[in-house]
Amino acid sequence: MFDFYFGTRAEIEKDEKKFLLSVKRMLPRWVNSIPDSEYLAIYDDLESLGIKGRKPTLVETGVGASSIVMVYYAMKHDGTLYSWDFQSEKGAYIRAVCTDTLSAVLGKNISDTWKFIAYDSKSPYLGVPILKELVDGVDFCFFDSEHTWDNLRGELEAVNPLLRDDAIVAIDDANYDFLHTNTAYINMLRKKLGLKAIAELANNKSRAFYEETDQFLKKNWQKAERINDSYKKNYKNDLFWSYYKADRDVMAKENMEKMGDLEHRYDSWRVAKRKK
């Protein structure tokens, strides 16, 4: 399916971003929901990790293009990525893409690197909390599942006890502010069914997720420094916005894409010195 020739391993390693972006740009829209600039910002944040020869542990909620760059980093460093998403077909599709591309280049078995769990990320029995049974620390996490603060806070609370010093926490759609119900997503699906939009629900506003996350991390860590990520330097010139303009315009109209605050679509922090 994706079994193209991208060059020798040595050639690819000279420009890994070009290789990874080439793979992303062949994805169908339903698994390609983050902009190229965000995809490469994840790569840059991963490259900034000081793992010092340790096999890294990465965590992700919400599977898609982001999984590819995270699998690549984990493969390269003999680490492991744990991903959660209810949609098992997305996991299967991305696994096939990674097999034809990343595994072919690095000579690694995808099953040794990527652990995909098709279940609720907050479940105490099969969600992010099970990591305490599997690993002794987490180096990087990227959260991109249901976009409400209640959900994101639950994922942060689950991973927080396992974060290492100098771990990185990253979130997608950090400019959202739904507290308990993503009414924008609900109304988009209601429109497709010919139903009227529901009114905004009471007590359904949080601060923007990047503000809530910043406070959460600072409450738990002596150092929780916002990273000057490459997304903010590059998002304005990202081809992604114009390439998918038709559906992005509709998403913006339905309040699913915060076009007025795209700078904070992606945000990340480096944490250190856990508070007791």
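**Helix packing and two nonpolar cores in a predicted model**

Let me begin with one residue, Met70, which, once its neighbours within four places in sequence are left aside, is in contact with Ile42, Leu46, Leu58, Val59, Glu60, Leu81, Phe140 and Phe142. I should say at once that what we are looking at is a predicted model, and that I will work outwards from Met70 to the helices and then to a few residues in loops and strands.

Met70 belongs to the largest nonpolar core, which has 51 residues, and it is one of those that touch the most other members, together with Leu20, Tyr39, Ile42, Ile68, Leu102 and Phe140. At least two residues of this core are supplied by each of the helices H2 (16-24), H3, H4, H5 (88-106) and H12 (239-243), and likewise by each of the strands S3 (114-117), S4 (138-143) and S5 (163-172). The largest share, nine residues, comes from H4. There is also a second, separate core of 34 residues, and among its members are Cys141, Val159, Leu162 and Trp269. As a general background, nonpolar side chains in soluble globular proteins tend to be buried together.

Now to the helices. Two packed helices are described by the angle between their axes and the distance between the axes, and I will give both for three pairs.

How do H3 and H4 pack, in angle and in distance? Helix H3, residues 36-47, and helix H4, residues 65-76, meet at an angle of about 25°, and their axes are 9 Å apart. Because of that angle, H3 counts as roughly parallel to H4, and the crossing in which H3 passes H4 is right-handed. On the H3 side the contact is made by Tyr39, Ile42, Tyr43, Leu46 and Glu47, while H4 contributes Ala65, Ser66, Ile68, Val69, Met70, Tyr73 and Lys76. Sorted by class, the residues of this contact are nine nonpolar, one polar and two charged.

The second pair is H2 and H3, which pack at an angle of about 140° with their axes 11 Å apart, and that makes H2 oblique to H3. This crossing, too, is right-handed. Here Glu16, Lys17, Leu20, Leu21 and Lys24 of H2 meet Asp36, Tyr39, Leu40, Tyr43, Asp44 and Glu47 of H3, so that by class the contact has five nonpolar, no polar and six charged residues.

The third pair is H2 and H5, with an angle of about 165° and axes 11 Å apart, and these two helices are therefore roughly antiparallel to each other. H2 passes H5 in a right-handed crossing. The residues that meet are Phe19, Leu20 and Val23 in H2 and Val97, Thr101, Leu102 and Val105 in H5, and they divide into six nonpolar, one polar and no charged.

Staying with H2 for a moment, which of its residues are buried? They are Glu16, Phe19, Leu20, Leu21, Val23 and Lys24, and what covers them includes helix H1 (9-14), H3, H4, H5 and H12.

Let me turn to Leu49, which is found in the loop between H3 and strand S1 (57-61). Leu49 counts as buried because its relative accessibility is 10%. Its C-alpha atom is separated by 8.2 Å from that of Phe140, although the two residues are 91 apart along the chain. Beyond its neighbours within four places in sequence, Leu49 is in contact with Tyr73, Asp139, Phe140, Asp166, Ile168 and Arg270.

One of those partners, Asp166, deserves a closer look. Most residues other than glycine have a negative phi, yet Asp166, which lies in strand S5, has a positive phi of about 75°. With a relative accessible area of 42%, Asp166 is partly exposed. A positive phi, of about 50°, is also found at Asp173, in the loop between S5 and helix H9 (183-192). Is Asp173 buried or exposed? Asp173 is buried, with a relative accessible area of 5%.

Finally, Lys223 lies in strand S6, residues 221-226, and at 36% relative accessibility it counts as partly exposed. Lys223 and Asp166 are 57 residues apart in sequence, and their C-alpha atoms are 9.1 Å apart in space. Not counting residues up to four places away in sequence, Lys223 touches Arg270, Val271, Ala272 and Lys273, and Arg270 was also named among the contacts of Leu49.

Definitions and conventions
Residues numbered from 1 in each chain as written. Predicted model: local features only at pLDDT ≥ 70, side-chain atom pairs only at ≥ 80, totals over all residues. Heavy atoms only, no water. Axes fitted to C-alpha atoms, helices over the stretch in contact; angles between N-to-C directions. Helix = DSSP H or I, 4+ residues; strand = E, 2+ residues; numbered from the N terminus. Parallel < 35°, antiparallel > 145°, perpendicular 65-115°, else oblique. Left-handed = near helix turned anticlockwise from the far one by under 90°. Contact = heavy atoms within 4.5 Å. Nonpolar A, V, L, I, M, F, W, Y, C, P; charged D, E, K, R; others polar. Core = buried A, V, L, I, M, F, W, Y, C linked by side-chain atoms within 4.5 Å. Buried < 20%, exposed > 50% of the residue type's maximum accessible area, 1.4 Å probe, protein only.
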